[in-house]
Amino acid sequence: MAGKRSSRFGENTPRTGEEIRDAFLNFFAERGHKVMLSSSLVPEDPTVLLTIAGMLPFKPVFLGQADPPAARATSSQKCIRTNDIENVGRTARHHTFFEMLGNFSFGDYFKKEAIVWAWELSTKVFALDPRHLVVSVFREDDEAFGIWRDVVGVNPHRIIRMDEADNFWTSGPTGPCGPCSELYYDFYPELGEENIDLEEDSRFIEFYNLVFMQYNRDNQGNITPLEKCNIDTGMGLERMAQILQDVPTNYETDLIFPLIEKAQSIAEIDDSTLNNKVETSLKIIGDHSRAVTHLISDGVIASNLGRGYVLRRLLRRVVRHGRLIGITKPFLKQMGEASIELMQSAYPQLLERREIILQEMQREEFRFLETLERGDKLLADLLLTNPIVISGEQAFELYDTYGFPLELTEEIAAEHGLNVDLAGFEKAMEGQRQRAKAANVSIDLTLQNSIDQIVREQGSTRFKGYENLDHRSGIKALVVNGEKSQRAVIGDYVQVILESTSFYGEGGGQIGDCGELVSDFSDPESAVVEIENVIRNQNVFIHRGHVKQGILQVGDVINARVNRNYRLRAKVNHTATHLLQSALKQVVDQQIGQAGSLVAFDRLRFDFHCSRQVTFLELEQIEQLINGWISEAHALQIKEMKISDAKEAGAVAMFGEKYGDVVRVVDVPGVSMELCGGTHVSNTAEIGAFKIVGESGIAAGIRRIEAVAGPSVLDYLQERDIVVKQLGERFKAQPHEIVDRVVALQDEIKSITKILKTTRQELAFAKVVAFTNKAISIGNSQVLIKRLDEVDGEALQRAAQVLIDQLGEDSAVVLGGLPDPGDKNKVIFVAAFGAQLVSNGLQAGKFIGEIAKLCGGGGGGRPNLAQAGGRDGSALDKALEVALDKLSIALS
C-alpha cells in the first residue's frame, strides 16, 4: 500500500500537505485576507453537533448576527462528518476527519475576483495543467459562465452547466442562498470533451467549490438580491494532496498514509499479504485516528450521548478493525502518538494536550475490550436458547448497545451452525444511519423564530455592567409570550433587547444577572419588569422576565437595575473559580485543563480533565491554598490586550473557546491569569472564605469539584451546624463523638443483617424438608416446582441442590420467589436438574432462561444448576405453571 511520487509537477510546486496548506493561506493573505486559526470541532452553534464545514464558524456573520473579523478572511478549518461513515476506507475520498481550505468575502469582492483567484491559485501556485481542469456552473448563472470563458479563458466545452441540485447552494428553507461553481481535476483529458460526465469518479475529482451568496429566500419561497453579496469557498486539503502527490486515493497522501503504515507495522502485516479487506481496515484505522485525536484535543469525552457517542463509536471502530487485522493487544496509544507527531506542526495544541489525548484513548480502549468480553457472554447466553437464526434486531442490539462487531457475531454463530439475519441487521442499521444524517449532514441557517429574526436585525448589545449596576437604556425590541410585539402588559412573559445594559448575559460559565427594568422610579404606575435571567444570542443580550406593573413599549427608555446582592455573589464565585483552577494546577497536576464550569449565585462548579480522584489530603491543601490567597488580599488587575500578548504573558484560555483579536485578561498577580469576560471582585479579600463541598467523577477522565465562597460559606456552615446539633440530640452525643456512634451503629446493623440472612436460610431449608414429599412423578422422574419468597439467590441455589440430592438423579427442581415481598420488581428463579436428566439433553441454564423471560428477565448457567431473574413479580405464579408444563412435555 505505498503511494507513488510523480514528475508531473515542478520542484517548486507545493507537494506535501503542509506545503499545500501554507501555499493556500499565503496566496490569500497576499490579497488582503486575514488568516484565521481553525475553530474547534465543538462549534458555538447549538444546532450543530460538530464542525462539519469550513464556513460554519462564519455562520453568524453570513446571517448578519455578528460583525465580520475582516472584510476578507481565509482559513484551514478542521471538520468532522460521520453521516456516511460506512464509506470510509471503501471509497477513494470519504473521510470522517478532513481539512477545508477556504477564502471568504463579507460584502467585499464577488464573482470575478473569486473566479480569477481560484484559477490563478490552481494553475500558477499548484501548477495544475489547464487541460486537466473542468469547471461547473449553475445552469442559469450566465455571469459566472462568462467570467470563466471570457476573463479566465476556459474552453467553453469544459464549462459544464449543472442543475440546482448540484450547483445552487441554500442555507435552509429560508435565508442566504446562491449559485456555486466548482473546479474538477480530470485525470484522463485525452478521453475528450464530448459528453463529459462529472459524476464519473474514476475520471474526475472536485477539489474547489465557490459559493456566490447573492440572494435571500423568504418563507414564501421568494428570492430577492442581497444588499451585500458574500463569497464562501472550500478546497479539500486531502483532495488537493491526492492530485499533487499523484496517488490513487486520499489515503496514500502524506496526510494519512503514515498512520496506515503505523497500523500495518503494529499488526506485523507484510505488503505481500495485503488484500482488499485488510487494506480497508488499515484505511479506517488511519482515518479515525486523526478524527479521535482532534476530538479529544477539543475537549470531547467518550460517552453514549451526542459528541461523546461520535467519539466512542470512532474509537471502537479503530479497535474493532485492529482485531480484524490481527492486533490482539491494546494499540490506541501508539496510534495517538503517531497522529500527534504527524499533525503537531499544524496544530500545536495536540502536543500541549498530548497526555489527555493518550489517556482518554487508553481508557476507552480498555473499556471496549471489557465490552467485547461482555458481548461474548451475551451472545453465548443467546445461543443457549437454541435459536434457529440470530435475528437482525438481536445482532444490531449487540452491535449498537454493546459495541459487539457484526463480524464476530457472524463468526461465532457460524461455529454453532447458525446464520445471522443480515437483511434485518441492515434495516436496523439504515434506521440509525438516517437518524445520523438528519443530525449531521447540513448546516441550517434558517431563521426559525422571533428571537432569531430580531437578533439578525439588531446590532450587538453594549455591555455597561462592569462599571455600574444601574443604567438607562432604550428598548430596541420585545418578544411577548413567544411572539414579536410592540408592547407588553401586566402578566406577560417578555424577552427584552436593550440598546445597552448593565445586566451580565449568561456566558463563560457564569449565569446571567437578575434584577428589574423600571421605566420611571418616581412614578408609582411606571412599568416594572422582574428580570429572572439574561442570555446571549451571538452578541445580543436577551433579558427574560415577567411584567409586574404597567405597560412596556418598544422605544421606551428604562432603568436597568441589577440585583446587587446576587451580582456580588456571582463575582465572588467567579474569582474563586479562577483561584481553584490555579490551586488544582499547583497541588494535583500542572497539565489540568478546564472542561466546563458553573458560576451561580449560591455555588460554583469546576470540571477538569484528570484521570484519577483528587484525594482528601489534596482537597485540604487546595482549600488552604485558596483561603491563603484570600487572606493575602491580592488586588485584581483587569485589562484588555491583544490575544497574542495575553498568551505570551501566560494567560490561561478556556480550551475550545473562541476569542477575538483583543481579549479581556483577569490577573491575580502571582496567582492566576485567565482570559475572561465575566464579573470579578476587585480584591481577593472580598471573597471572604472558600469551602469545597464535593469532588466526583462525571465522565471518563473528567472530575468535578463543587464549592461555595463568600456569603454562601456561612449558609453552608449554618446548615451543617443544624444537622450536627440534631444528630447530637438523637445520639445523645457531643459533636466529636458522632462519627464513632455512627460507626458502632453500622457494625451493629451488619451483625444483625448477617444473623437475619442466616435465619432466612435456615427457614428456607426447613421449608425444603417439607417440600420433598410434594414432588410429583412425570415418567420416571420426580419434579418439584415451588414458590419460595424472602430468600436470596444463593440460598435458593443451596435449597435446590439439597432437594436434588434427596430426590435423585432423575429429578428436576424449579424454585421461584421474591427476595423482598415488598419489591414486586425483583424475581429470582433457580433450576436444578439431576445428572440423568442432563445426560438426556436437558439443560437447566437454557430452561430457566426461557422461564425468566415470562417475568421480563433472563439468565442462565450450568446444565445442572442455573439462576435467572425477572422484573415482573405479578407474572411469577404463571411462570412456574409454564415451567411445570414444559417439564411435563420434556419428561413424558
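This passage describes a small part of a predicted model: an open sheet and the helices α17 and α18.

The sheet is open and has 3 strands. Their order is β23-β24-β25, and the pairing is antiparallel. Strands β23 (637-642) and β25 (672-675) form the edges, as each pairs on one side only. On average, neighbouring strands of this sheet are turned by 25° against each other, direction ignored. Strand β24 covers residues 662-668 and runs antiparallel to β25. The two are joined by 4 bridges. In one bridge, D667 has M673 of β25 as its partner. Helix α17, residues 564-587, packs on the sheet. This helix touches β24 and β25, and its direction makes about 120° with that of β25.

Helix α18 comprises 16 residues, 616-631. At 1.5 Å a residue, α18 should span 22 Å; its end C-alpha atoms lie 23 Å apart, which agrees. Several residues of α18 are buried: E618, L619, I622, E623, I626, W629 and I630. These residues cover an arc of only 140° around the axis, so they sit on the same side of α18. The face turned away from that buried side carries the exposed residues F616, L617, Q624 and S631.

What do the buried residues of α18 pack against? Their partners are helix α17 and the strands β26 (690-699) and β27 (702-709). Helix α17 thus appears in both settings: it packs on the sheet, and the buried residues of α18 pack against it. After α18 comes A633, with a positive phi near 55°.

Definitions and conventions
Residues numbered from 1 in each chain as written. Predicted model: local features only at pLDDT ≥ 70, side-chain atom pairs only at ≥ 80, totals over all residues. Heavy atoms only, no water. Pairing = 2+ DSSP bridges. Axes fitted to C-alpha atoms, helices over the stretch in contact; angles between N-to-C directions. Contact = heavy atoms within 4.5 Å. Expected span 1.5 Å × (residues − 1). Buried < 20%, exposed > 50% of the residue type's maximum accessible area, 1.4 Å probe, protein only. Arc of directions from axis to C-beta.
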